[in-house]
Amino acid sequence: MPPWFDGSPQVSPRERAIGHRLAQDRWAIVGVCVDITENKNLQDKLLVTESELDRIFHENPSGNYVITPDGRIQKGNVALAEMLGLHSPEEIGEENMATFYETTSIFQQFICSVEKNKKVSSVEKTLRRRDGTPLCVLDTAIGVFDPDGRLIRINGYLTDHSQVK
């Protein structure tokens with residue numbers, strides 16, 4: 001018998017087998033092997049897909065955003081920062097989307113519309129850049145809801161429509 005068998009159940013550090021002495025000269029060896037190759041391959045594909053989606057979010061010429069129902073901007077790309085008159089995407093996290101609306105009541109109407117309809121598509125609106133200049137955009141957004149149906153996040157994108165106006 002292997003030297004690591006002493007009569008009590010053990011896990012071999014090398015063989016990864018569990019051994020147990022059944023009788024004087026009888027041993028039981030129980031081993032379990034699980035092939036995780038498929039899981040590992042799927043995990044690798046998921047990381048690539050996540051990386052591609054992140055690249056698409058950040059490099060898109062539309063102003064992509066993720067906000068909470070109270071307006072906190074959780075995520076935004078370079079195009080959004082430029083549209084809103086911010087110096088960098090890092091500044092986005094310090095802002096509240098409601099401050100870029102002409103009034104907070106207009107922002108609240110937007111939130112109510114997403115809550116009621118689950119999404120909004122190509123809604124024309126006028127926002128205000130940080131310096132106060134008007135910004136005409138088309139807003140498309142979809143709500144993300146918890147299991148109880150409460151709005152927890154809004155994923156959307158703004159398309160600068162100023163040149164068309």
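Two strands are said to pair when DSSP finds at least two bridges between them, and with that in mind the tour of this predicted model can begin at its sheet.

**The sheet**

Select strands 4 to 8 and follow them across the open sheet of five strands, whose order is 5-4-8-7-6 and whose pairing is antiparallel. At the edges you will find strand 5 (73-76) and strand 6, each of which pairs on one side only. If you then look along the sheet, the twist from one strand to the next averages 25°.

Next, zoom in on strand 4 and strand 5, which run antiparallel and are joined by three bridges. Display Ile67 together with Ile73, the residue of strand 5 that is its bridge partner.

**The helices across the sheet**

Now add helix 1 (residues 37-59), which lies across strand 4 and strand 5 and runs at about 90° to strand 5. Helix 3, by comparison, lies across strand 4, strand 6, strand 7 and strand 8, and its direction makes an angle of about 175° with strand 6.

Stay with helix 3 and select residues 104-117, a run of 14 residues that reaches 20 Å from its first C-alpha to its last, close to the 20 Å expected at 1.5 Å a residue. Which residues of helix 3 are buried? Colour Phe107, Phe110, Ile111 and Val114, for these are the buried ones. When you turn the view to look down the axis of helix 3, its buried residues fall within an arc of 95°, so they line one face of the helix. Those buried residues pack against strand 4 (63-67), strand 6 (119-128), strand 7 (134-145) and strand 8 (151-160). Rotate to the other side of helix 3, and there Gln109 and Lys116 are exposed. Just past the end of helix 3 comes Lys118, a residue whose phi is positive, near 75°.

**A buried aspartate**

For the last stop, select Asp139, which lies in strand 7. Is Asp139 buried or exposed? Its relative accessible area is 1%, and because buried means under 20%, Asp139 counts as buried. Show side chains here, and you will see that the side chain of Asp139 makes a polar contact with the side chain of Tyr65, at 2.7 Å. To display the surroundings of Asp139, leave aside its neighbours within four places in sequence and select its contacts, among them Tyr65, Tyr101, Phe110, Val120, Lys125, Tyr157 and Leu158. Phe110, in this list of contacts, is also one of the buried residues of helix 3, and selecting Phe110 takes you back to that helix.

Technical notes. Residues numbered from 1 in each chain as written. Predicted model: local features only at pLDDT ≥ 70, side-chain atom pairs only at ≥ 80, totals over all residues. Heavy atoms only, no water. Helix = DSSP H or I, 4+ residues; strand = E, 2+ residues; numbered from the N terminus. Expected span 1.5 Å × (residues − 1). Buried < 20%, exposed > 50% of the residue type's maximum accessible area, 1.4 Å probe, protein only. Arc of directions from axis to C-beta. Contact = heavy atoms within 4.5 Å. Polar contact = N/O pair within 3.5 Å; in protein donor to acceptor, adjacent residues only side chain to side chain. Axes fitted to C-alpha atoms, helices over the stretch in contact; angles between N-to-C directions.
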